[in-house]
Amino acid sequence: MRIALIGCGAVTQAVYVPLLSRRRDLFEVTAVCDLSRTLAGAVGDRLGAPGRYTALEDMLDAGGFEAVLVLASGSHGETVRRALAAGYAVLCEKPLALTRAEVAALPEGRLMVGYMKQYDPAVRRAEELLAELGGPAAIRAVEVTVLHPSGESQLAFANLTQARDVDAGLLDSLRAAERELTIRAVGESEPVRSLYGISLGSICHDLSLLRRFTGSPAEISHVETWGPAPGSVEISGALPVQGRFSIRWHYLEDYPAYRETVAIHHDTGTLELVFPAPYLMNAPTTLTVVSGAESRNEYRDVTEAFEVQLAAFHAFVSDGKPPLTDAGGALEDIVTAQRIAARYAEQHGLPIGGEAA
């Protein structure tokens, strides 16, 4: 399958370039696009892509590919809209968009949203075990803890090419547009917008896992933040069938390594997932199954979740196999993030605006 990449930054270089290099049985990268000519050239060289672009419209008009991977930072709504309108299949990294309106504006087309943790072998095994226990009705509680060091420390090993050739005025205009989108989503309050950014930029992975295990939260009961920005975030509420969830997310600048734990407690035991740093290829997620007589069984698989996700995209485009998250699932996460923002604003006497109001 001939594909094009939009965005040649950190995730593209650290994750997608090595995976696409070794999965040439599935994909041929024929074009890359980035605001930075330096990054487009570096990634194009590594993947042998003949097309190098700094403008999206030029790449879409030139064609020569069947599908597009949207890997740039920020909201992807307009980029995805243009790619779908041009007739291309799209794999879009999370979040799909920052507003409901952007999702509503998307034309019909083949769209898969990338939440790689949903494709993790340990997560799929946990889903199977949970189904055997009775599904969401068996859950008493889901507890999530995320310890998040700086992105720089997580990517120090990757030897990334840096972009220093993008016009400062263009970057300022893009940041202003992004700010306007968050205002349309949740209003003007800076603390509310900051929380919304964390929810859609990082906590959305855990919201996507809740969707798989239980369905989206039925209620957001409590939201708190503390510590130096971006600080710590605590969210709790009711699950849609029974039980409750809690998410505790901590940005810890100098923490030794990224760590994310998702524990599903039920009447007869626990399913606990411990995720490694997302940029370490083939580092296994550990599923610990606690059951009768307090026996503990561990399940590990070094199959890379990002790679499984790419194979799933190939199957989606080639064979029509539905993705785990489409536009509807991504919209659910946007709505949940807006509900989190609204509850936080209500609890702290802050104004809430935009779609979240």
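Which residue in β2 does Ala 4 stand opposite? Select Ala 4 and look across to β2, where Ala 31 stands opposite; strands here, like helices, are DSSP runs numbered from the N terminus, with at least two residues (E) for a strand and at least four (H or I) for a helix.

Before going on, bear in mind that this is a predicted model, in which local features need pLDDT of at least 70 and side-chain atom pairs count only at pLDDT 80 or more, while totals for chains, interfaces and linings use all residues. Residues are numbered from 1 along each chain as its sequence is written, and side-chain values use heavy atoms, with hydrogens and water left out.

Next, colour β1 and its two partners. β1 pairs with β2 in the parallel sense over 5 bridges, and with β4 (residues 67–70), again in the parallel sense, over 4 bridges; two strands are said to pair if DSSP finds at least two bridges between them. On the β2 side Ile 6 stands opposite Cys 33, and in β4 Leu 69 is the bridge partner of Leu 5. Of the 5 residues of β1, 4 are buried, so the strand is largely enclosed by the rest of the structure (buried means under 20% relative accessible area, exposed over 50% and partly exposed in between, with a 1.4 Å probe and protein chains only).

Now widen the view to the open sheet of 6 strands, which has parallel pairing and the order β3-β2-β1-β4-β5-β6. At its edges stand β3 and β6 (111–114), each with a single partner strand, so one side of each is left without a neighbour in the sheet.

Then select helix α2, residues 37–47, in which Leu 39, Ala 40, Gly 41, Val 43, Gly 44 and Leu 47 are buried. These buried residues pack against β1 (2–6), α1 (10–22), β2 (28–33) and β3 (51–53), where contact means heavy atoms within 4.5 Å. At the start of α2, a side-chain oxygen of Ser 36 comes to within 3.2 Å of the backbone nitrogen of Thr 38, while just after the helix Gly 48 takes a positive phi of about 70 degrees.

Finally, move to His 266, which is placed in strand β11 (residues 259–266). Is His 266 buried or exposed? His 266 is buried, with a relative accessible area of 12%, and, leaving aside residues up to four places away in sequence, His 266 touches Leu 133, Ala 138 and Arg 140.

Conventions: Polar contact = N/O pair within 3.5 Å; in protein donor to acceptor, adjacent residues only side chain to side chain.
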